[in-house]
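Hi everyone, thanks for coming. I'd like to walk you through one structure today, so please have a look at it first.

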Amino acid sequence: MADPKPNGPDAPSVDLTGENVHWDLRQAMSYGDYLGLKDLLSCQNPLTSQHDETLFIIIHQASELWLKLCLHEMSGAMRQIRADDLGPAFKMMARIGRIQANLIQSWEILSTMTPFDYSSFRSALGKSSGFQSYQYRALEFRLGNKNRQFARVFESDTAAQTIVDAALQEPSIYDESLALLARRGLPIPDEKLTRDFSEPYTTDPRVTEAWRMVYRDAEKHWDLYELAEKLVDVEYRFHLWRFSHMKTVERIIGSKPGTGGTSGVSYLKKALELRFYPELWDVRTEI
(Lines give C-alpha, C1' and ligand atoms only; values in the text may rest on other atoms or scores of the structure.)
Protein backbone atom coordinates (compact mmCIF):
# COMPACT_ATOMS: atom_id res chain seq x y z
CA MET A 1 0.00 0.00 0.00
CA ALA A 2 1.38 3.37 -1.03
CA ASP A 3 2.15 5.97 1.61
CA PRO A 4 -0.43 8.74 1.82
CA LYS A 5 0.56 11.95 0.09
CA PRO A 6 1.83 14.60 2.54
CA ASN A 7 -0.77 17.11 1.38
CA GLY A 8 -3.56 14.67 0.69
CA PRO A 9 -6.65 13.86 2.75
CA ASP A 10 -4.61 11.65 5.11
CA ALA A 11 -2.04 14.34 5.92
CA PRO A 12 -1.81 15.20 9.65
CA SER A 13 -3.38 18.50 10.65
CA VAL A 14 -4.32 20.38 13.77
CA ASP A 15 -8.00 20.18 14.65
CA LEU A 16 -9.17 23.65 15.69
CA THR A 17 -12.62 22.42 16.69
CA GLY A 18 -13.50 23.94 20.04
CA GLU A 19 -10.63 26.43 19.95
CA ASN A 20 -11.74 29.99 20.56
CA VAL A 21 -9.27 31.59 18.16
CA HIS A 22 -9.55 35.36 17.83
CA TRP A 23 -9.70 35.62 14.05
CA ASP A 24 -10.84 39.22 13.74
CA LEU A 25 -8.26 41.56 15.26
CA ARG A 26 -9.39 44.78 13.65
CA GLN A 27 -10.50 46.18 17.03
CA ALA A 28 -7.89 44.44 19.18
CA MET A 29 -4.17 44.55 19.77
CA SER A 30 -2.38 41.86 17.78
CA TYR A 31 0.97 40.15 18.26
CA GLY A 32 2.50 42.44 15.66
CA ASP A 33 1.02 45.52 17.33
CA TYR A 34 2.38 44.62 20.76
CA LEU A 35 5.91 43.97 19.45
CA GLY A 36 5.92 46.87 17.02
CA LEU A 37 6.86 44.47 14.24
CA LYS A 38 5.95 46.86 11.46
CA ASP A 39 8.64 49.26 12.66
CA LEU A 40 11.09 46.58 13.77
CA LEU A 41 11.02 44.68 10.47
CA SER A 42 11.29 47.85 8.43
CA CYS A 43 14.72 48.63 9.93
CA GLN A 44 16.66 46.27 7.66
CA ASN A 45 17.69 48.52 4.79
CA PRO A 46 20.70 47.21 2.85
CA LEU A 47 22.68 49.86 0.98
CA THR A 48 23.67 47.45 -1.80
CA SER A 49 22.05 44.62 -3.72
CA GLN A 50 24.46 42.07 -2.23
CA HIS A 51 22.68 39.08 -0.70
CA ASP A 52 24.74 38.83 2.49
CA GLU A 53 24.32 42.43 3.57
CA THR A 54 20.92 41.52 5.05
CA LEU A 55 22.61 38.86 7.20
CA PHE A 56 25.19 41.40 8.37
CA ILE A 57 22.52 43.95 9.33
CA ILE A 58 20.24 41.49 11.14
CA ILE A 59 23.08 39.94 13.18
CA HIS A 60 24.15 43.35 14.43
CA GLN A 61 20.63 44.63 15.04
CA ALA A 62 19.73 41.46 16.98
CA SER A 63 22.93 41.85 19.00
CA GLU A 64 21.92 45.39 19.92
CA LEU A 65 18.58 44.10 21.21
CA TRP A 66 20.38 41.50 23.34
CA LEU A 67 22.73 44.23 24.60
CA LYS A 68 19.71 46.31 25.57
CA LEU A 69 18.40 43.40 27.62
CA CYS A 70 21.85 42.85 29.17
CA LEU A 71 21.93 46.48 30.30
CA HIS A 72 18.41 46.14 31.72
CA GLU A 73 19.38 43.04 33.70
CA MET A 74 22.70 44.56 34.76
CA SER A 75 20.99 47.66 36.16
CA GLY A 76 18.57 45.44 38.07
CA ALA A 77 21.34 43.23 39.46
CA MET A 78 23.35 46.25 40.63
CA ARG A 79 20.26 47.69 42.30
CA GLN A 80 19.69 44.44 44.18
CA ILE A 81 23.34 44.23 45.26
CA ARG A 82 23.11 47.75 46.66
CA ALA A 83 20.03 46.62 48.60
CA ASP A 84 21.85 43.50 49.88
CA ASP A 85 19.17 41.35 48.24
CA LEU A 86 21.29 38.89 46.29
CA GLY A 87 18.68 36.29 45.34
CA PRO A 88 17.10 38.42 42.59
CA ALA A 89 20.57 39.66 41.57
CA PHE A 90 21.71 36.08 40.97
CA LYS A 91 18.69 35.43 38.76
CA MET A 92 19.44 38.53 36.70
CA MET A 93 23.14 37.67 36.39
CA ALA A 94 22.28 34.12 35.34
CA ARG A 95 20.01 35.59 32.68
CA ILE A 96 22.86 37.79 31.47
CA GLY A 97 24.92 34.62 31.07
CA ARG A 98 22.24 33.06 28.87
CA ILE A 99 22.04 36.23 26.79
CA GLN A 100 25.81 36.16 26.38
CA ALA A 101 25.55 32.59 25.10
CA ASN A 102 23.22 33.85 22.36
CA LEU A 103 25.60 36.69 21.52
CA ILE A 104 28.49 34.23 21.23
CA GLN A 105 26.39 31.97 18.98
CA SER A 106 25.65 34.89 16.67
CA TRP A 107 29.27 34.87 15.48
CA GLU A 108 28.74 31.28 14.30
CA ILE A 109 25.99 32.54 12.01
CA LEU A 110 27.99 35.52 10.78
CA SER A 111 30.99 33.30 10.06
CA THR A 112 29.02 31.65 7.24
CA MET A 113 29.79 34.82 5.28
CA THR A 114 32.93 34.44 3.18
CA PRO A 115 35.60 37.13 2.60
CA PHE A 116 34.26 37.62 -0.93
CA ASP A 117 30.69 38.03 0.38
CA TYR A 118 31.72 40.74 2.84
CA SER A 119 34.05 42.58 0.47
CA SER A 120 31.16 42.94 -1.96
CA PHE A 121 29.41 45.45 0.33
CA ARG A 122 32.01 46.47 2.94
CA SER A 123 32.75 49.81 1.30
CA ALA A 124 29.10 50.81 1.82
CA LEU A 125 29.68 50.81 5.59
CA GLY A 126 31.90 53.89 5.36
CA LYS A 127 33.31 54.64 8.85
CA SER A 128 30.53 52.82 10.71
CA SER A 129 31.77 50.12 13.06
CA GLY A 130 30.78 48.06 16.08
CA PHE A 131 33.40 50.12 17.92
CA GLN A 132 30.71 52.84 17.91
CA SER A 133 28.08 50.72 19.70
CA TYR A 134 27.14 52.83 22.70
CA GLN A 135 25.27 49.93 24.30
CA TYR A 136 28.32 47.69 24.10
CA ARG A 137 30.48 50.40 25.62
CA ALA A 138 27.97 51.12 28.38
CA LEU A 139 27.81 47.41 29.22
CA GLU A 140 31.59 47.14 29.28
CA PHE A 141 31.77 50.11 31.66
CA ARG A 142 29.02 48.64 33.87
CA LEU A 143 31.00 45.43 34.02
CA GLY A 144 34.01 47.43 35.20
CA ASN A 145 36.32 47.87 32.21
CA LYS A 146 36.55 51.67 32.38
CA ASN A 147 38.48 53.65 29.77
CA ARG A 148 37.64 57.32 29.23
CA GLN A 149 39.17 57.37 25.75
CA PHE A 150 36.48 55.07 24.38
CA ALA A 151 33.77 57.61 25.24
CA ARG A 152 35.19 60.16 22.78
CA VAL A 153 33.66 58.46 19.76
CA PHE A 154 30.14 59.41 21.01
CA GLU A 155 30.74 63.17 21.20
CA SER A 156 28.62 63.76 18.09
CA ASP A 157 25.62 61.92 19.60
CA THR A 158 24.38 63.64 22.76
CA ALA A 159 21.94 60.89 23.77
CA ALA A 160 24.51 58.12 23.35
CA GLN A 161 27.18 60.15 25.12
CA THR A 162 24.88 60.69 28.12
CA ILE A 163 24.34 56.94 28.50
CA VAL A 164 28.03 56.09 28.10
CA ASP A 165 29.18 58.87 30.43
CA ALA A 166 26.79 57.71 33.15
CA ALA A 167 28.16 54.17 32.90
CA LEU A 168 31.70 55.58 33.01
CA GLN A 169 31.20 57.82 36.05
CA GLU A 170 29.09 55.52 38.21
CA PRO A 171 30.24 52.43 40.14
CA SER A 172 30.47 49.19 38.18
CA ILE A 173 28.89 45.94 39.33
CA TYR A 174 32.29 45.01 40.82
CA ASP A 175 32.45 48.30 42.72
CA GLU A 176 28.97 47.58 44.10
CA SER A 177 30.09 44.08 45.06
CA LEU A 178 33.13 45.39 46.95
CA ALA A 179 30.91 47.90 48.77
CA LEU A 180 28.68 45.00 49.82
CA LEU A 181 31.68 43.06 51.14
CA ALA A 182 32.66 46.10 53.18
CA ARG A 183 29.13 46.42 54.61
CA ARG A 184 29.34 42.75 55.61
CA GLY A 185 32.49 43.51 57.61
CA LEU A 186 35.14 42.21 55.21
CA PRO A 187 38.36 44.27 54.99
CA ILE A 188 37.92 46.25 51.76
CA PRO A 189 40.24 49.30 51.73
CA ASP A 190 38.45 52.66 51.96
CA GLU A 191 40.23 53.96 48.85
CA LYS A 192 38.55 51.24 46.81
CA LEU A 193 35.13 52.39 48.02
CA THR A 194 35.64 56.12 47.45
CA ARG A 195 37.81 56.12 44.35
CA ASP A 196 37.10 57.92 41.06
CA PHE A 197 34.93 55.27 39.42
CA SER A 198 35.63 56.64 35.94
CA GLU A 199 39.24 55.46 36.25
CA PRO A 200 40.32 51.88 35.49
CA TYR A 201 40.22 49.54 38.46
CA THR A 202 43.64 48.40 39.73
CA THR A 203 44.46 45.18 41.55
CA ASP A 204 44.86 45.33 45.33
CA PRO A 205 46.19 42.35 47.32
CA ARG A 206 44.02 43.41 50.26
CA VAL A 207 40.92 42.87 48.13
CA THR A 208 42.29 39.47 47.09
CA GLU A 209 42.60 38.65 50.78
CA ALA A 210 38.99 39.67 51.42
CA TRP A 211 37.79 37.38 48.62
CA ARG A 212 40.02 34.62 49.99
CA MET A 213 38.20 34.92 53.32
CA VAL A 214 34.92 34.41 51.44
CA TYR A 215 36.22 31.34 49.61
CA ARG A 216 37.83 29.83 52.70
CA ASP A 217 34.57 29.93 54.64
CA ALA A 218 32.03 29.52 51.87
CA GLU A 219 29.36 28.16 54.22
CA LYS A 220 29.48 31.34 56.31
CA HIS A 221 29.64 33.64 53.28
CA TRP A 222 27.63 31.49 50.88
CA ASP A 223 25.80 34.30 49.07
CA LEU A 224 29.03 36.31 48.68
CA TYR A 225 30.74 33.17 47.40
CA GLU A 226 27.97 32.73 44.85
CA LEU A 227 28.21 36.41 43.90
CA ALA A 228 31.93 35.95 43.21
CA GLU A 229 31.24 32.99 40.94
CA LYS A 230 28.47 34.83 39.12
CA LEU A 231 30.87 37.71 38.45
CA VAL A 232 33.51 35.33 37.13
CA ASP A 233 30.93 33.64 34.91
CA VAL A 234 29.84 36.94 33.35
CA GLU A 235 33.44 38.01 32.70
CA TYR A 236 34.32 34.56 31.35
CA ARG A 237 31.49 34.68 28.83
CA PHE A 238 32.35 38.26 27.89
CA HIS A 239 35.85 37.15 26.94
CA LEU A 240 34.45 34.18 25.01
CA TRP A 241 32.34 36.67 23.07
CA ARG A 242 35.43 38.79 22.38
CA PHE A 243 37.43 35.76 21.26
CA SER A 244 34.65 34.63 18.92
CA HIS A 245 34.44 38.16 17.56
CA MET A 246 38.17 38.28 16.92
CA LYS A 247 38.27 34.90 15.18
CA THR A 248 35.22 35.74 13.03
CA VAL A 249 36.82 39.02 11.94
CA GLU A 250 40.11 37.23 11.22
CA ARG A 251 38.26 34.62 9.19
CA ILE A 252 36.42 37.20 7.09
CA ILE A 253 38.85 40.12 6.61
CA GLY A 254 42.22 38.75 7.73
CA SER A 255 44.52 41.55 8.91
CA LYS A 256 42.73 44.45 7.25
CA PRO A 257 42.06 47.55 9.42
CA GLY A 258 38.57 47.90 10.88
CA THR A 259 36.03 50.23 9.30
CA GLY A 260 36.03 52.29 12.51
CA GLY A 261 39.74 53.03 12.26
CA THR A 262 41.19 50.39 14.58
CA SER A 263 43.89 47.97 13.45
CA GLY A 264 41.28 45.22 13.28
CA VAL A 265 42.28 41.78 14.50
CA SER A 266 45.42 42.98 16.30
CA TYR A 267 43.31 45.48 18.27
CA LEU A 268 40.80 42.76 19.17
CA LYS A 269 43.61 40.49 20.34
CA LYS A 270 44.88 43.18 22.73
CA ALA A 271 41.42 43.43 24.31
CA LEU A 272 41.57 39.72 25.20
CA GLU A 273 44.31 40.45 27.76
CA LEU A 274 42.08 42.67 29.92
CA ARG A 275 40.69 41.46 33.26
CA PHE A 276 37.64 43.03 34.89
CA TYR A 277 37.83 41.39 38.32
CA PRO A 278 41.54 40.70 38.84
CA GLU A 279 41.29 39.65 42.49
CA LEU A 280 38.70 37.00 41.65
CA TRP A 281 41.21 35.46 39.25
CA ASP A 282 44.19 35.96 41.58
CA VAL A 283 42.44 34.27 44.49
CA ARG A 284 42.24 31.04 42.49
CA THR A 285 46.00 30.76 42.60
CA GLU A 286 46.03 31.18 46.36
CA ILE A 287 43.20 28.84 47.34
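**A walk through the helices**

Let's start with one residue: Ser106 counts as buried, because its relative accessibility is 9%. Before I go on, please keep in mind that this is a predicted model. Ser106 sits in helix α4, which covers residues 86-110. What does Ser106 touch, if we skip residues up to four places away in sequence? The answer is Ile59 and Ser63. And if you want a feel for distances, take Ser106 and Gly260: they are 154 residues apart in sequence, and their C-alpha atoms are 21 Å apart in space.

Now step back along the chain to the loop between α3 (53-82) and α4, where you'll find Asp84. Is Asp84 buried or exposed? Neither, quite: its relative accessibility is 36%, so it counts as partly exposed. The backbone here is worth a look too. Most residues other than glycine have a negative phi. Asp84, though, isn't a glycine and has a positive phi, near 55°.

Next, the helix pairs. Two packed helices are described by the angle between their axes and the distance between the axes. Take α8 (173-183) and α10 (205-216). Their axes come within 12 Å and cross at roughly 65°. At that angle, α8 and α10 are therefore roughly perpendicular to each other, and their crossing is left-handed. Who meets whom there? From α8 we have Tyr174, Leu178 and Leu181, and they meet Val207, Ala210 and Trp211 of α10. By class, that contact has six nonpolar residues, no polar ones and no charged ones.

While we're in α8, have a look at Asp175, which is also part of this helix. Asp175 has a relative accessibility of 6%, so it counts as buried. Leaving out residues up to four places away in sequence, Asp175 touches Arg195, Phe197 and Tyr201.

On to the second pair: α11, residues 222-253, and α13, residues 278-286. Here the axes come within 10 Å, and the crossing angle is roughly 110°. So α11 and α13 are roughly perpendicular to each other as well. Which residues make this contact? On the α11 side it's Ala228, Glu229, Leu231, Val232 and Glu235, while α13 brings Leu280, Trp281 and Arg284. Sorted by class, that's five nonpolar, no polar and three charged residues. The crossing of α11 and α13 is left-handed.

Let's stay with α13 for a moment. Its buried residues are Pro278, Glu279, Leu280 and Val283. They pack against α8, α10 and α11, so to speak the helices we've just been talking about.

Last stop, the largest nonpolar core. It has 67 residues, and the ones touching the most other members are Ile173, Tyr174, Trp211 and Leu280. Some of those names should sound familiar: Tyr174 and Trp211 came up where α8 meets α10, and Leu280 came up where α11 meets α13. Which helix gives the most to this core? That's α11, with twelve residues.

And Ile173? Setting aside neighbours within four places in sequence, Ile173 has contacts that include Met74, Ala77, Met78 and Ile81, and also Leu231 and Tyr277. Leu231 is one of the α11 residues in the contact with α13. That's my tour, thanks for listening!

Notes
Residues are numbered from 1 along each chain as its sequence is written. This is a predicted model: local features need pLDDT of at least 70, side-chain atom pairs count only at pLDDT 80 or more; totals for chains, interfaces and linings use all residues. Side-chain values use heavy atoms; hydrogens and water are left out. Axes are lines fitted to C-alpha atoms, for helices over the stretch in contact, and angles run from 0 to 180 degrees between N-to-C directions. Helices (H or I, at least four residues) and strands (E, at least two) are DSSP runs, numbered from the N terminus. Angles under 35 degrees count as roughly parallel, over 145 as roughly antiparallel, 65 to 115 as roughly perpendicular and the rest as oblique. A crossing is left-handed if the near helix is turned anticlockwise from the far one by less than a right angle, and right-handed if clockwise. Contact means heavy atoms within 4.5 Å. Ala, Val, Leu, Ile, Met, Phe, Trp, Tyr, Cys and Pro count as nonpolar, Asp, Glu, Lys and Arg as charged, and the others, Gly among them, as polar. A nonpolar core is a set of buried Ala, Val, Leu, Ile, Met, Phe, Trp, Tyr and Cys residues joined through side-chain atoms within 4.5 Å. Buried means under 20% relative accessible area, exposed over 50%, partly exposed in between (1.4 Å probe, protein chains only).
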